[in-house]
Amino acid sequence: MSNSIASDLFNSRLRPLVSETERAVTAAQTVFASGEETDSAALETLQTVAVDAAQDSAANSYGVIFMQSGSGTGEQPNELRALAKGPVSADLVSDELKEAVSAGADTTATGAASTSPQTHYQSIALVDELGNVVPGIVIGSTVTVQNLGQYEMYFVYSMEETQQTLDFVQRTLVVAMIVLVLLVAVITGFVMRAVIQPIREAAKTSRRLAAGHLEQRVPESGEDDIATLARSFNEMADSLQDQIERLANLSQVQQRFVSDVSHELRTPLTTIRLAGGMLFDRRDDFDTVTARSVELLHDQIERFEILLADLLEISRYDAGAVEILRESNSLATVADDVIGAMTPVALDHGTRLVLKAPGGYGESEFDARRINRVVRNLLGNAIEHGEAKPIVVSVDSNESAVALSVRDYGIGMTEAERTRVFDRFWRADPSRKRTMGGSGLGLAISLEDVRLHEGRLEVWSEPGKGTNFRLTLPRFVGGKIMGSPLPLEPGDAGAATITIEEEDVSSEAFTDEDVDTQPIELPDLVGMRSSNAEPLVSSAPTNSMDVIDIAPMDEPTQTPAPWDDAEAVVVTSSAPDSVPSLPSSDPDDGVNSDDASPSRDQEQEDPK
């Protein structure tokens, strides 16, 4: 824009100057044409008159330069000398301009342009009376002197006024643009404040609402669209606050109900457990049906006690009344302890347990009791759903965390089931029979225990490919977990089972040989006598022996045998010549221990 204005100002100034120059050249040409002098003095006088006439016609000129044309025919006897009028000199005229004027052609290569066939111009720099450099322009043309040929005339004009006008216009434009920018900034700021500020307030209010400050609202003002948005937002916040408060009250009532009921049930449960324990201890005195009922009652009381303990624990989490005792512990040691405690359960289910602990950064800080419960829940869940396949427990650590994973090769879970696996009382297959009891709160409590340690409890599972639970804990209190030492998706994902090396086996499944009754060693009865000095067993051979009496401890009339303070056994032989032989415990001999007490599988059956 500034260049365009400068160009327009230059052209508007150039046109009148060119016209003025043409008039001045015409006036000088008229003077030269009117004179017929031939001597040098008369010609010089004529030259002075012509230059003065040209200068008078060019009233705006800074000076006039008269010189011989470069296309002259040669030396003339009365040749006119160069003449300059005003504070100018011939040095202001460049060779390019001289050539253009003498040749009557344009000099576009040097920046000169032609407005007529006899007039040419070029921009120059002038020095005024004060010594300041100002822009100027030289306009040249030719005149013809009789008998002497062509001469050149150059008119110098100052462009200072035009430059001042351009400077003024540029300053005005700069100031106008600054004012315009400031005005636009003010308008933009006002618009931004009027439009963006309410949106920022709404965003700030929404964040505070999400943080739990349900009483926060967006300020409302006016009747525009922003005000309508604020009112709608506040109505939504009112509705959410009402629903959240109702749900919170309901949750508090439920928590209080669970806590109160759990505490109230402890007293009657304790009484029932004591009474059931007494019955269970004397179950051998009952008939088979009653004894079986007592055993089922004992199992269900234990299950009910576990459920009640889990309800009390989850109510403590809901009430925020849980504290942890962190100490320096080894996760590998905890895993080994849990495997040792769960080995009988694993043997009952025909499952092998494998512990892989390569070692690493040593101990870490956590609550051993709670982490033990987490590992026990994970391992029990894997045994329950592992389909009697091996279970691999891996422990590893790095600089920031320790991790434990429990990998089974059982039925697995779908994606929808994985998202709900930590929900309370949720079961993937409600129709599936539980073989280990449980309250349905184990994984939910485990998740709360892990969160209390600022750790992670994650699960990977695929249908038919098994499940892998991964527990990750920070090594130190307040530490940040940079990454888990164990992968969530196991390296053998998709494998049906695992090949176990003998040194990795932590437990083995029961076989038929494990339940065979072993021989019982009794003390040598020969030579021993009863309280009345009679021999208990004769050394004479015999083929049978008769049991006279078996007296329990609570019979005060019986005297304990010397080898056993628990009970007195009095044995006599009808054939003193033989030592009695023990009855065979082999099932083929007609003695079946299952008739006397129910098997382990029967004890786990549902009473229904």
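1. Starting in a loop: at 42% relative accessibility, Glu-387 counts as partly exposed (buried is under 20% relative accessible area, exposed over 50%, partly exposed in between, with a 1.4 Å probe and protein chains only). Glu-387 sits in the loop between α8 and β10 (391-397), where helices (H or I, at least four residues) and strands (E, at least two) are DSSP runs numbered from the N terminus. Its phi is near 60°, a positive value in a residue other than glycine.

2. A word on what we have here: this is a predicted model, in which local features need pLDDT of at least 70, side-chain atom pairs count only at pLDDT 80 or more, and totals for chains, interfaces and linings use all residues. Residues are numbered from 1 along each chain as its sequence is written, and side-chain values use heavy atoms, with hydrogens and water left out.

3. Back to that loop. Ala-388, also in the loop between α8 and β10, has a phi near 60°, again positive in a residue other than glycine. At 44% relative accessibility, Ala-388 counts as partly exposed. Most residues other than glycine have a negative phi, so I'd look at this stretch by eye.

4. Now into α8 itself (residues 368-385), which holds Arg-370. Is Arg-370 buried or exposed? Its relative accessibility is 5%, so Arg-370 counts as buried. Its side chain makes a polar contact with the side chain of Asp-449 at 3.3 Å (a pair of N or O atoms within 3.5 Å; within protein, one must be able to donate a hydrogen and the other to accept it, and residues adjacent in sequence count only if both atoms are side-chain atoms). Leaving aside neighbours within four places in sequence, the contacts of Arg-370 (heavy atoms within 4.5 Å) are Glu-313, Tyr-317, Val-322, Glu-323, Ile-324, Asp-449, Leu-452 and His-453.

5. Asp-449 takes us to helix α10 (residues 442-452), which is largely enclosed by the rest of the structure because eight of its eleven residues are buried. Asp-449 is one of the buried set, along with Gly-442, Leu-443, Ala-444, Ile-445, Ser-446, Leu-447 and Val-450. Just after α10, Glu-454 has a positive phi of about 60°.

6. How many cavities of 30 Å³ or more does a search of the whole structure find? One. The largest cavity holds about 60 Å³ of space. On a 1 Å grid over the protein atoms alone, a cavity is a set of points where a 1.4 Å probe fits but cannot get out, and lining residues have an atom within 4 Å of a point; points are joined across faces, edges and corners, and the volume is the space filled by probe spheres set on them.

7. The lining of the largest cavity is Pro-198, Ile-199, Ala-202, Val-218, Ile-226, Leu-229, Ala-230 and Phe-233. Helices α4 (160-210) and α5 (225-281) each supply at least two of these residues, and α5 gives the most, with four. By class, the lining has eight nonpolar, no polar and no charged residues (Ala, Val, Leu, Ile, Met, Phe, Trp, Tyr, Cys and Pro count as nonpolar, Asp, Glu, Lys and Arg as charged, and the others, Gly among them, as polar).

8. The unreviewed UniProt entry places a "transmembrane region" at residues 173-196. In the model, residues 173-196 are 100% helix and 0% strand, with the end C-alpha atoms 32 Å apart.

9. Overall, the chain has twelve helices and 16 strands, and 32% of its 608 residues count as buried.

Conventions:
On a 1 Å grid over the protein atoms alone, a cavity is a set of points where a 1.4 Å probe fits but cannot get out, and a pocket is an open set with protein on both sides within 12 Å along at least five of seven lines; lining residues have an atom within 4 Å of a point. UniProt positions are given in the numbering used here, feature names are shortened, and annotations may be inferred rather than shown by experiment.
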